[in-house]
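User: I am new to this structure and would like to understand the reasoning behind the words used to describe it. Could you take me through it step by step?

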Amino acid sequence: MQPIIQVSRLNKVYKGGFQALDNINLEIEPAEILALLGPNGAGKTTLISTICGIIDPSSGSITVDGRDIISGYRHTREMIGLVPQELTTDAFETVWDTVSFSRGLFGKKPDPEYIEKILKDLSLWEKKDNKMMELSGGMKRRVLIAKALSHEPKILFLDEPTAGVDVELRQDMWQLVKRLRESGVTIILTTHYIEEAEAIADRIGVIKNGQLILVEEKVALMSKLGKKQLQLELKQSLTTVPLELNAFELCLKDNGRRLVYTYDATLEHTGIAALMQKLSDAGIQFKDLKTDQSSLEDIFVSLVKEAK
Ligand SMILES: Nc1ncnc2c1ncn2[C@@H]1O[C@H](COP(=O)(O)OP(=O)(O)OP(=O)(O)O)[C@@H](O)[C@H]1O
């Protein structure tokens, strides 16, 4: 299948010389949900703004639906809905007017039935005649999503969609994103919340210092979560791991005072019983033992550290 978005060797150097994107290559499939994770200032907003045509790339190319975003700007921009991070709406306009106006900006004929549907989907129907300034922060954020969907885009970018929203609204948004994907919309979101990526993404990309340091299927990434570590604090320190324990690929830490065994917790036979037997045969005694499980958060933190 042809990717709906293809980013090749993309670089962005801002005026003043700061390189915000460094040789980004990325393909996004139709109707997938891609979550972009990364620390503050990593380049997430710059990347999505460049794909949306709001920021000019310094070099490299981007195609959307097979068309170049610069030479085919009209078509590619029409394909895209963008929900920005900042709340930018006219305080005195009503919900209905602001959403309808956004549709008009794309030269689409008015379609009150469609606008009604999205307002209902976003639980905004009761507020359709309210002025923007009369809405809560979470509602304003939903209006931004309604605006982004007003011209029926095939691709939706959400820049930190649930920053500062309550747990209930966050769950609603996740449901909405999944429903949109089921209707064939491709979704790219940036987030600081690892549990958000875990809950809805098909793939996860990690950006650090303008570089895409990883893009992986969430399931594959999560399978790494099945890895657990058994930490054995030894009574007497070792200088090396005895040969007869080679099969367990143990790691010796803390100047030989700690042995670490990494195993797959999802397997029926973890190898722990066999390890215990071998340790006893070798006369290795331990004072204490504990297990650690890596979370997506650990994986993320270590990836970001490694990339320094
Ligand atoms: N117009 C600009 N001129 C110069 N530098 C900029 C400009 N916009 C962004 N930057 C810099 O580019 C880097 C990436 O910013 P960007 O907003 O893309 O990060 P981000 O990953 O979205 O961060 P956050 O999670 O904080 O929103 C930052 O160091 C930022 O200061």
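Analyst: The model shown here is predicted, and the answers below set its values against the cut-offs behind each term.

User: What makes the protein chain more spread out than a compact globule?

Analyst: The globule rule gives 19 Å for 308 residues, whereas the radius of gyration of the protein chain is 25 Å, which is well over that value, so the chain is described as more spread out than a compact globule. Along its principal axes, the C-alpha trace spans about 80 × 45 × 40 Å. The secondary structure of this chain comes to ten helices and 14 strands, and buried residues make up 30% of the 308 residues.

User: Why is Gly41 called partly exposed?

Analyst: A residue counts as buried if 20 or more other C-beta atoms lie within 10 Å of its own and as exposed if there are 12 or fewer. Gly41 has 13 such atoms within 10 Å, so it falls in between and is called partly exposed. Its place in the chain is the loop between E3 and H1, and its C-alpha atom is separated by 8.3 Å from that of Ala20, a residue 21 positions away along the chain.

User: Which residues are around the ligand, and what classes do they belong to?

Analyst: The residues around the ligand include Tyr14, Phe18, Ala20, Asn40, Gly41, Lys44 and Thr45. By class, the shell holds four nonpolar, seven polar and one charged residues, where Gly is counted among the polar ones. Helix H1, residues 44-51, gives the most to this shell, with three residues.

User: What makes E6 and E10 the edge strands of the open sheet?

Analyst: The open sheet is formed by six strands in the order E6-E7-E8-E3-E9-E10, with mixed pairing. Strand E6 (80-83) and strand E10 (211-217) each pair on one side only, and they are the edge strands. Neighbouring strands of the sheet are turned by 15° against each other on average, with direction ignored.

User: How do you know that E3 and E8 pair?

Analyst: Two strands pair if at least two bridges are found between them, and strand E3 (residues 33-37) and strand E8 (residues 186-191) are joined over five bridges in the parallel sense. One of the partnerships is that of Ile33 with Ile187 in E8.

User: Where do H1 and H6 lie with respect to the strands?

Analyst: H1 lies across E3, E7, E8 and E9, running at about 155° to E8. Helix H6 (residues 167-182) packs on the sheet, where it touches E3, E7 and E8, and its direction makes about 150° with that of E8.

Conventions
Residues are numbered from 1 along each chain as its sequence is written. This is a predicted model: local features need pLDDT of at least 70, side-chain atom pairs count only at pLDDT 80 or more; totals for chains, interfaces and linings use all residues. A residue is near a molecule or strand if its C-beta atom, placed from the backbone, lies within 6 Å of it. Helices (H or I, at least four residues) and strands (E, at least two) are DSSP runs, numbered from the N terminus. Axes are lines fitted to C-alpha atoms, for helices over the stretch in contact, and angles run from 0 to 180 degrees between N-to-C directions. Two residues are in contact if their C-beta atoms, placed from the backbone, lie within 7 Å. The radius of gyration is taken over C-alpha atoms; the globule rule is 2.2 Å times the number of residues to the power 0.38.
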